[in-house]
Amino acid sequence: MPKFIGLIGYPLEHSLSPYFQQVALEHYQFDIRYEKWETSPKGLGLVVAKIKEAQNLGANVTVPYKEAVLPLLDELDGQAMLIGAVNTIVKRGNRLIGFNTDAYGFIEALCKEGHFEPEGKGVVILGAGGAARAVSFALVQRKISSLTIINRTFERAKALADSLKGYMAETELGTAVTTLPWQNLSSSEAFDHCQLIVNCTTIGTKYTSQEGQSSLSSEVIPRGILVYDLVYNPWPTPLLQMARKAGANILGGLAMLVYQGAASFRLWTGREAPVDIMLNKAKEISHLKM
Ligand SMILES: NC(=O)c1ccc[n+]([C@@H]2O[C@H](COP(=O)([O-])OP(=O)(O)OC[C@H]3O[C@@H](n4cnc5c(N)ncnc54)[C@H](OP(=O)(O)O)[C@@H]3O)[C@@H](O)[C@H]2O)c1
């Protein structure tokens, strides 16, 4: 009898995870199927509860439920608790444990594909949602020197900055964290001392009302820095096109997607994920379908 792992989110039409997770499972000849479990907010409780059925091993969680699933789980891993968001659920015995592998995926892609070492660097993050929380905790843990958070809803940026400062007060970490209003995006001063800009907003995503938009113009992007857009669809995003025009290096979100998925795969199966196979599949499908 096959076992099942699900992807919980809404909508899931353009999701790449089922493709690259299934090739990884087939690589080991596991009799496990990775399925889309698309659900409305009303159905979320039921879908999560069903993971406890014998045939199911766990799930990935994506937009918009990464925070909403927290109270539905039996236990949270330390990083998931810190970030306040879960993207991976693992069933152990009859307990559902929540993990966050986005932070790991972000850093792996940054270092391996972006060839960027975060320690001592100045970073600007656009956004303050679930992805921005994972990214900013990951960067602070990797000892960046400064972090500026710019978000449309300023209070959300402040709340994230406060969480980071609270965390650093309990650790040896000492990143200088500041916030700026969204209006500052048109001012190059906001980016003067950074070596990395990370877009953690949804702006520019294909098949949405934000398709074709870029949060930054090429005039404000410093030459020679790295611009990392978590949005992986389309390639390159409008922001990355602006960055290229400005003479910056660019990194899209596809590698992060695969690395976070590879960490989830290890948690469900206990086996090393075949990252190259997964990355090739993700690239192939994204060229075909997007
Ligand atoms: N590559 C990967 O592996 C990976 C992993 C995780 C996430 N992501 C991507 O990262 C993005 C963010 O995900 P999330 O989970 O953080 O979503 P989220 O929690 O819903 O946050 C969305 C963020 O985008 C901002 N935003 C949305 N529309 C905007 C607009 N018109 N103008 C300015 N800001 C706007 C929001 O600002 P407000 O606070 O003002 O609403 C918020 O900061 C998504 O595109 C997601 O697909 C990629």
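Two strands count as paired if DSSP finds at least two bridges between them. Helices (H or I, at least four residues) and strands (E, at least two) are DSSP runs, numbered from the N terminus.

The model on screen is predicted: local features need pLDDT of at least 70, side-chain atom pairs count only at pLDDT 80 or more, and totals for chains, interfaces and linings use all residues. Residues are numbered from 1 along each chain as its sequence is written, and side-chain values use heavy atoms, with hydrogens and water left out.

**Stop 1: strand β1 and its partners**

Select residues 3–9, which are strand β1. Of its 7 residues, 6 are buried, where buried means under 20% relative accessible area, exposed over 50%, and partly exposed in between (1.4 Å probe, protein chains only).

Add residues 32–38, strand β2: the two strands run parallel and 7 bridges join them. To see one position in this pairing, show Lys3, which stands opposite Ile32 of β2. Next add residues 56–61, strand β3, which is parallel to β1 and joined to it by 5 bridges. Here Phe4 faces Asn56 of β3.

Now show helix α1, residues 17–27, together with β1 and β2; these three make a right-handed β-α-β unit. Right-handed means that, with the strands pointing away from the viewer, the path from the first strand over the helix to the second runs clockwise.

**Stop 2: helices α1 and α8**

Keep α1 and add helix α8, residues 254–269. Their axes come within 11 Å and cross at roughly 45°. Axes are lines fitted to C-alpha atoms, for helices over the stretch in contact, and angles run from 0 to 180 degrees between N-to-C directions. The two helices are therefore oblique to each other; angles under 35 degrees count as roughly parallel, over 145 as roughly antiparallel, 65 to 115 as roughly perpendicular and the rest as oblique.

Which residues of α1 and α8 make the contact? On α1, show Ser17, Phe20, Gln21, Ala24 and Leu25; on α8, show Leu257, Val258, Gly261, Phe265, Trp268 and Thr269. Contact means heavy atoms within 4.5 Å.

**Stop 3: the six-stranded sheet**

Six strands form an open sheet with parallel pairing, in the order β9-β8-β7-β10-β11-β12. Why is one side of β9 and of β12 left without a neighbour in the sheet? β9 (176–181) and β12 (249–251) stand at the edges and each has a single partner strand, so one side of each is free of a neighbour there. On average, neighbouring strands of this sheet are turned by 20° against each other, direction ignored.

Select β7 (residues 122–126) and β10 (residues 196–199), which run parallel with 4 bridges between them. Within this pair, Ile125 has Val198 of β10 as its bridge partner.

Helix α4 (residues 102–112) packs on the sheet and touches β10, β11 (226–229) and β12; its direction makes about 145° with that of β11. Helix α5 (residues 130–141) lies across β7, β8 (146–151) and β10, at about 170° to β7.

**Stop 4: helices α4 and α5**

Show α4 and α5 together. They pack at an angle of about 60°, and their axes are 8 Å apart. That makes α4 oblique to α5. The contact residues include Phe106 and Leu110 of α4, and Val135 and Leu139 of α5.

**Stop 5: helix α7**

Select residues 238–246, helix α7, where Pro238, Leu239, Leu240, Ala243 and Ala246 are buried. What covers them includes β10, β11 and β12. End at Gly247, just after α7, which takes a positive phi of about 85°.
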